[in-house]
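User: Please examine one part of this model closely, beginning with a single residue and its surroundings. I would then like a connected account of how the packing, charges and backbone look elsewhere in the chain.

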Amino acid sequence: MINNLTATVSNDSETLNNICQRCSSSIKQVEDDDVCPICFEQWTISGQHRVVSTYCGHLFGKICIEKWLRTTPNCPQCQSRAKRRDLRRIYCRTIQAVDTSERDNAIRERDFERKTRRKLEYEKAEQQLAYDTLREQFKHLQIENDRLLKLTQRMNNIETTTNESLRLLPNGPAPIPSINIQLETVIKIPEGLCRVLAYVPSHQWLFISQPKNNALHRDYGIKKINLVNNIHTSEYISLHHTKPIRDIQLHGDFILSCSWDKTLRIYNYIENTSNLVCECTAQVWSCAWNLDDPNIIYAGLNNGQIQVFDRRQVYQNETLSLSSTSPILCLEYITKNSNFNSSGLLVGSNDKSGFYQYISNSEHHFYELPLNKNLFGLHYNSTTNHLLASFRPQSNPTRYELYKLIIKSDPSFNISLQLIQTFIGSSINLILSRSKILDKNFQIYIITSDNGSHGIELWNIRQSIDKPSFKLSTQCDIIDICLTQEYLCLLADNQIRLYKWT
């Protein structure tokens with residue numbers, strides 16, 4: 001049997017050699033891609049030498065590869081494992097393989113270049129956005145810098161003039177200037193329910209909180225009044241409050257507003273975009289920015305608590321409790337300055353007031369202020385370090401007390417009040433108006449609302465405190481007061497009155 005197998009293999013080898021010898025004469029006439037790599041003879045589409053493919057994809061004549069696999073179980077081309085049952089017939093009349101390696105390489109390079117270009121375009125867009133943002137910030141800072149330079153130059157000129165005037169005076173205090181206030185214009189607000197004034201010195205804009213009726217619901221926002229050249233109302237800005245606004249505070253390009261709808265909102269009045277909405281646990285009566293860290297904002301609630309929010313985390317950080325059941329009527333943040341060596345939040349309610357010293361990382365230390373009950377307003381002037389406290393009448397008329405804040409840090413921190421003057425106002429106080437400390441013509445004035453005569457009263461702290469230095473009849477009850485570069489602005493329920501003060 002072994003001899004027979006050996007003889008068969010020998011015969012097959014001789015036969016294969018004979019086939020290869022017969023095909024050698026046509027090798028020069030046929031391209032390598034058109035012939036069987038075993039016998040070098042052209043493929044056929046039928047018969048024993050029709051073209052077939054192995055599992056690895058190489059092409060051979062059927063009879064040639066079958067004889068090859070009888071002796072060697074590997075592909076003649078790549079030496080991969082090959083079997084007869086894996087042979088597949090190829091139905092074609094001619095096969096010609098095109099060398100596309102250069103094209104494939106070019107396509108790969110093209111795709112890589114496209115990917116790189118898209119990445120660079122994305123990085124360019126990011127850099128352009130960052131550049132535009134920085135350019136806008138630089139523009140605002142440049143405007144603010146120019147304003148501060150003009151203000152500094154103006155203050156230097158005033159100081160020089162004042163020193164020269166004082167040098168020329170013989171003896172005794174400087175004379176007290178007379179007050180001349182003339183009505184410039186009245187802007188009616190038919191919707192009424194106005195409550196708060198805010199002034200933007202860099203743009204000379206005046207903001208007034210007011211409602212606006214529409215077909216679906218009442219919306220509460222602010223009306224912007226442009227004080228440059230011809231006074232006109234520019235536009236109404238919706239702050240999306242559903243109930244009356246109690247307070248608005250400005251910082252940079254942002255408005256912080258609070259409302260009885262239990263929300264605290266931040267709005268960018270330059271870009272006209274809403275930035276943040278904070279849900280509070282009760283009606284909000286007052287609000288304030290942390291001027292040392294503007295990411296922290298405060299909401300004074302109806303239940304005597306102050307909620308603290310962090311804009312970066314968009315949730316409540318902590319609650320400061322005043323241990324009072326009265327609404328937090330006043331919130332004002334005081335920054336460290338030459339007159340006041342600390343930073344913190346000034347808080348006032350009807351029956352308790354205090355100062356929350358800001359340490360860091362939202363840490364606050366409370367110090368109670370010795371103020372009487374029936375308080376309805378607090379206003380701090382950082383230039384003079386004066387604090388004005390307003391008290392509602394009970395059996396006595398309305399009372400305004402002017403204090404100086406005093407800090408003692410040795411051996412431990414403490415804050416106290418030094419009473420400077422007490423001003424007696426009207427015996428009628430129907431609304432919670434805002435009294436202010438204003439600087440005008442190198443004088444310090446206390447301006448209060450007089451509900452008895454429907455006007456305002458001005459007190460010069462250098463004059464006798466028995467009666468006001470000036471009384472102005474407005475024929476309406478004044479709620480808020482603001483002093484701009486050119487005007488004394490008085491806000492009533494349904495109008496804003498602008499006065500020239502010379």
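Analyst: Contact is taken here to mean heavy atoms within 4.5 Å. The model is predicted, and every value that follows is to be read in that light.

The starting point is asparagine 226, which lies in strand 7, a run covering residues 218-226. With neighbours up to four places away in sequence set aside, the residues in contact with asparagine 226 are His203, Gln204, Trp205, Ile231, His232 and Ser234. Asparagine 226 has a relative accessible area of 16% and is therefore buried, the limit for that class being under 20%. Its side chain also has a polar partner in the backbone: a polar atom of this side chain lies 3.0 Å from the backbone nitrogen of valine 228.

Two of these contacts lead further. Trp205, in contact with asparagine 226, forms one aromatic cluster with Phe207 and Tyr269. His232, another contact of asparagine 226, falls within the range of strand 8, residues 232-241, where histidine 240 is also placed. Histidine 240 has a positive phi of about 65°, although it is not a glycine. Most residues other than glycine have a negative phi. Histidine 240 is partly exposed, at 45% relative accessible area. Glutamine 475 likewise has a positive phi, near 60°, but its place is in the loop between strand 28 (470-473) and strand 29 (480-483). With a relative accessible area of 68%, glutamine 475 is exposed.

The nonpolar packing comes next. The largest nonpolar core has 31 residues, and those with the most contacts inside it are Leu346, Leu371, Leu378, Leu387, Leu405 and Ile446. At least two residues of this core come from each of strand 17 (328-334), strand 21 (375-381), strand 22 (386-391), strand 23 (399-408), strand 24 (414-424) and strand 26 (443-450). Isoleucine 446 touches, beyond four places in sequence, Leu388, Leu402, Phe423, Lys436, Ile437, Glu457, Leu458, Trp459 and Ile461. Leu458, one of the residues touched by isoleucine 446, belongs to another core of 17 residues, which lies apart from the largest one and has Tyr445, Phe470 and Ala492 among its members.

Aromatic pairs number 11 in the whole structure. In one of them, the rings of tyrosine 356 and phenylalanine 366 have centres 4.7 Å apart and planes at 45°, so this pair is tilted. Tyrosine 356 lies in strand 19 (residues 353-358) and phenylalanine 366 in strand 20 (residues 364-368), with their positions 10 residues apart in the numbering. Tyrosine 356 is buried at 4% relative accessibility, whereas phenylalanine 366, at 31%, is partly exposed. Another tilted pair is formed by phenylalanine 423 and tryptophan 459, with ring centres 5.3 Å apart and planes at 55°. This pair links distant parts of the chain, strand 24 and strand 27 (residues 455-460), 36 residues apart. Phenylalanine 423 is buried, with 1% relative accessible area, and tryptophan 459 is buried with 1%. Isoleucine 446 touches each of these two aromatic residues.

Among the charged side chains there are 14 salt bridges. Aspartate 310 and arginine 312 form one of them, at 2.9 Å from N to O; aspartate 310 is buried at 5% relative accessible area, while arginine 312 is exposed at 53%. In another, glutamate 401 pairs with arginine 399, the closest N and O atoms being 2.7 Å apart, and glutamate 401 is buried at 7%. Shared partners join Lys62, Glu66 and Arg84 into one salt-bridge network. Glu66 is also one of the buried residues of helix 2 (residues 62-71), along with Cys64, Ile65 and Leu69. These buried residues pack against strand 1 (51-53) and strand 2 (59-61).

Finally, the cysteines: a search of the whole structure finds 0 disulfides. The sulfur of cysteine 56 has its closest cysteine sulfur, in cysteine 78, at 3.5 Å, which is too far for a bond because a disulfide requires sulfur atoms within 2.5 Å. Cysteine 56 is partly exposed, at 32% relative accessibility. Cysteine 258 is in no disulfide either, the nearest cysteine sulfur being that of cysteine 287, 3.8 Å away. Cysteine 258 is buried, with a relative accessible area of 0%.

Technical notes. Residues are numbered from 1 along each chain as its sequence is written. This is a predicted model: local features need pLDDT of at least 70, side-chain atom pairs count only at pLDDT 80 or more; totals for chains, interfaces and linings use all residues. Side-chain values use heavy atoms; hydrogens and water are left out. Helices (H or I, at least four residues) and strands (E, at least two) are DSSP runs, numbered from the N terminus. Buried means under 20% relative accessible area, exposed over 50%, partly exposed in between (1.4 Å probe, protein chains only). A polar contact is a pair of N or O atoms within 3.5 Å; within protein, one must be able to donate a hydrogen and the other to accept it, and residues adjacent in sequence count only if both atoms are side-chain atoms. A nonpolar core is a set of buried Ala, Val, Leu, Ile, Met, Phe, Trp, Tyr and Cys residues joined through side-chain atoms within 4.5 Å. A salt bridge is a side-chain nitrogen of Lys or Arg within 4 Å of a carboxyl oxygen of Asp or Glu. Rings of Phe, Tyr and Trp (its six-membered ring) pair if their centres lie within 6.5 Å; planes under 30 degrees apart count as stacked, over 60 as edge-to-face and the rest as tilted.
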